[in-house]
Amino acid sequence: MDTAQDTDRNQFAEAKEAFSELELDQKATFLVTQAMNTAVEAVSTLVDVVAEECTELFSTPAAASEEEEDSPTDEPAS
């Protein structure tokens, strides 16, 4: 476990050193890019959750009963 922590620390130190060597405009570009990537991932996750909720909300009772029949149950088979 100590080896994994040492590896993480070494990677962090290398990344910190590389970041500190960047020019100000490069740092700004990197930070804006990472912020945008994080925002896009968040929106994508939100869209997936909303789509799943809408699918469940608007599914017909017949489709809902079929899904229940297809899903495994915790009850033992008789």
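How does Asp6 count at 40% relative accessibility: buried, partly exposed or exposed? Keep that one in mind; the tour gets to it shortly. One thing to know before you click around: this is a predicted model.

**The whole chain**

Start with everything selected and shown as a cartoon. You'll find three helices and zero strands, so from the N terminus on the order reads α-α-α. Now switch on the surface. It comes to about 7200 Å², and 58% of that belongs to carbon and sulfur atoms. Of the 78 residues, 0% count as buried.

**Colour by confidence**

Next, colour by pLDDT. The average for the protein is 85, and 73% of the residues score at least 70. Helix α2 has the highest confidence, at a mean of 95, while helix α3 (residues 61-70) has the lowest, at 63. Where pLDDT is low, the predicted coordinates shouldn't be read in detail. With that said, the next stops are in other parts of the chain.

**Helix α1**

Select residues 2-20, which make up helix α1. Show the side chains of Asp6 and Arg9: they meet in a salt bridge, with 3.8 Å from N to O. A search of the whole structure finds one salt bridge. The two residues sit three apart in the helix, about one turn. Back to the opening question: Asp6 counts as partly exposed, because its relative accessibility is 40% and that label covers the range between 20% and 50%. Its partner Arg9 counts as exposed, because its 55% is over the 50% cut-off.

**Helix α2, a nonpolar spot**

Move on to residues 24-58, helix α2, and pick out Phe30 there. Phe30 is partly exposed, with a relative accessible area of 39%. Add Leu22 and Leu31 to the selection, and you have the three residues that make a nonpolar surface patch of about 250 Å². Phe30 can belong to a patch because its 39% is over the 30% that patch residues need.

**Helix α2, a negative spot**

For the last stop, select Asp48, which also lies in helix α2. Then add Glu52, Glu53 and Glu56: together with Asp48 they form a negative surface patch. Show these side chains as sticks and colour them by charge to pick the patch out.

Terms used
Residues numbered from 1 in each chain as written. Predicted model: local features only at pLDDT ≥ 70, side-chain atom pairs only at ≥ 80, totals over all residues. Heavy atoms only, no water. Patch = residues over 30% accessible without salt bridge, like charges linked within 9 Å, V, L, I, M, F, W, Y side chains within 5 Å. Areas by Shrake-Rupley, 256 points an atom, 1.4 Å probe, with all protein chains shown as cover. Salt bridge = Lys/Arg side-chain N within 4 Å of Asp/Glu carboxyl O. Helix = DSSP H or I, 4+ residues; strand = E, 2+ residues; numbered from the N terminus. Buried < 20%, exposed > 50% of the residue type's maximum accessible area, 1.4 Å probe, protein only. pLDDT = per-residue confidence, 0-100. Lys, Arg positive; Asp, Glu negative; His and termini not counted. Charge placed at Lys NZ, Arg CZ, Asp CG, Glu CD.
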